Amino acid sequence: MPVLCSSCGDKRAVLKRPKTGHSLCKACFFWAFEEEVHQTIVTANLFKHGEIVGIAASGGKDSTVLAHVMKLLNERFNYGLELMLLSVDEGISGYRDDSLETVKRNQEQYELPLKIVSYEELYGWTMDAIVKQVGRKNNCTFCGVFRRQALDRGALMLKVDKICTGHNADDIAETVVMNVLRGDIARLRRCTAISTSSEGEGVVPRCKPLKYAYEKEIVLYAYFKKLDYFSTECIYSPNAYRGHARTFLKDLESVRPSSIMDIIHSGENLSVRDGVKMPLQGTCKRCGYISSQSLCKSCVLLEGLNRGLPKLGIGKHHRLHDKILTQQPLTEKEERKLKAVHF
């Protein structure tokens, strides 16, 4: 016997929500999903009327659903926002070039302006070239650091007031787990924040409208809405540290479905004991970007690539920053240590 929608009681249910366990028809699921995102936006006061908002668009399910829902809610509830799409081309052949074609189709479908910035244009390197030099063990470190700064640079070009990203509940729970395993108190304090204020010149505030949306529900929403998105995983990501946290979280979720939200709420309520020394936020002496060291991570990684020292930005090499700033030559021992690459 068909199961009826637990919300309207009239139509046949087509899915069981992973988040609540309710059986819903398509229309009720769409309404529930969109209403929850709207409540997240309103409760956290993410936007102000008249703001220009850049949507970080990769062509994947999260950013495509984000673009679709943001446009829909902006019109439905009269947010008064000017929306734009912002994409980063990391230079990954067979992956990013294909996903950017999806973004270009999204631009036409949603009638939103699109700006694409590339690693090659900003840094003189593509991810394909970086992986050839550094191997596949730490390549995600380079990509993550460069992408964050590239989004800020693109946002400044577009003159947007805020960037919204497609980070979902699963992503945030994974980040909490990763920071606990690494003992990274500084990041643990801020990784659950739904928005970030401007942290300095050249840094655009960010927010996460999908913070409480389960990944499974985003997939279901995209599927039933027949949205146009790119579903292939990055060819360089299988060895990423995040993958281990994701596997652990999926195993945990199969036993306790509420574990994703439980971890997020735990992260939100964590506090740091008085007297614990925290990194002080400053600016990079070379490029002016935010940094707790004399050189930001992006400049250190770039210097390592340009010098043929791929491990310069991996691990703790802060004592070498002054040498880099003053263009002093490294000792033979330092160079030998920093040239070691594990493929």
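**Figure 1. The second largest cavity has a volume of about 50 Å³.** The model shown here and in the other views is predicted. A search of the whole structure finds three cavities of 30 Å³ or more. Around the second largest of them lie K19, F33, E36, V37 and T40, together with P209, L210, K211, Y212 and A213. By residue type, this lining consists of six nonpolar residues, three charged residues and one polar residue. Rolling a probe the size of a water molecule over the atoms is what reveals such empty space.

**Figure 2. A salt bridge joins K225 and E34.** The closest N and O atoms of K225 and E34 are 3.9 Å apart. The pair links distant parts of the chain, with the two positions 191 residues apart in numbering. E34 belongs to helix 1 (residues 26–43), while K225 sits in the loop between helix 9 (215–224) and helix 10 (241–255). E34 is buried, with a relative accessible area of 3%. K225, in contrast, is partly exposed, and its relative accessible area is 28%. Side chains of opposite charge can pair when their charged atoms come close. In total, the structure holds 25 salt bridges.

**Figure 3. K250 and D170 meet through their side chains in a salt bridge.** The N to O distance in this pair is 2.9 Å. Distant parts of the chain are linked here too: K250 is in helix 10 and D170 is in helix 7 (residues 169–182), 80 residues apart. D170 counts as buried because its relative accessibility is 1%, under the 20% limit. K250 has a relative accessibility of 29% and counts as partly exposed.

**Figure 4. K250 also forms a salt bridge with E253.** In this pair the closest N and O atoms are 4.0 Å apart. Both residues are in helix 10, and they are separated by about one helical turn because they lie three residues apart. E253 is buried, at a relative accessible area of 8%.

**Figure 5. A network of salt bridges includes K250, D170 and E253.** The other residues linked in this network are K61, D62, E215 and K216. Within the network, K250 pairs with D170 at 2.9 Å and with E253 at 4.0 Å.

**Figure 6. P113 lies in the loop between helix 3 (96–110) and strand 5 (114–118).** With a relative accessibility of 42%, P113 counts as partly exposed. P113 touches L83, M84, L85 and Q107, leaving aside residues up to four places away in sequence. One of these, M84, is 29 residues from P113 along the chain, and the C-alpha atoms of the two are separated by 5.1 Å.

**Figure 7. Confidence in the protein chain is highest in helix 2 (residues 61–76) and lowest in helix 13 (residues 321–325).** Helix 2 has a mean pLDDT of 98, whereas helix 13 has a mean of 56. Over the protein chain, the mean pLDDT is 88, and 90% of the residues reach 70 or more. Where pLDDT is low, the predicted coordinates should not be read in detail.

Terms used:
Residues are numbered from 1 along each chain as its sequence is written. Side-chain values use heavy atoms; hydrogens and water are left out. Helices (H or I, at least four residues) and strands (E, at least two) are DSSP runs, numbered from the N terminus. Buried means under 20% relative accessible area, exposed over 50%, partly exposed in between (1.4 Å probe, protein chains only). On a 1 Å grid over the protein atoms alone, a cavity is a set of points where a 1.4 Å probe fits but cannot get out, and a pocket is an open set with protein on both sides within 12 Å along at least five of seven lines; lining residues have an atom within 4 Å of a point. Grid points are joined across faces, edges and corners, and a volume is the space filled by probe spheres set on the points. Ala, Val, Leu, Ile, Met, Phe, Trp, Tyr, Cys and Pro count as nonpolar, Asp, Glu, Lys and Arg as charged, and the others, Gly among them, as polar. Contact means heavy atoms within 4.5 Å. pLDDT is the predictor's confidence in each residue, from 0 to 100.
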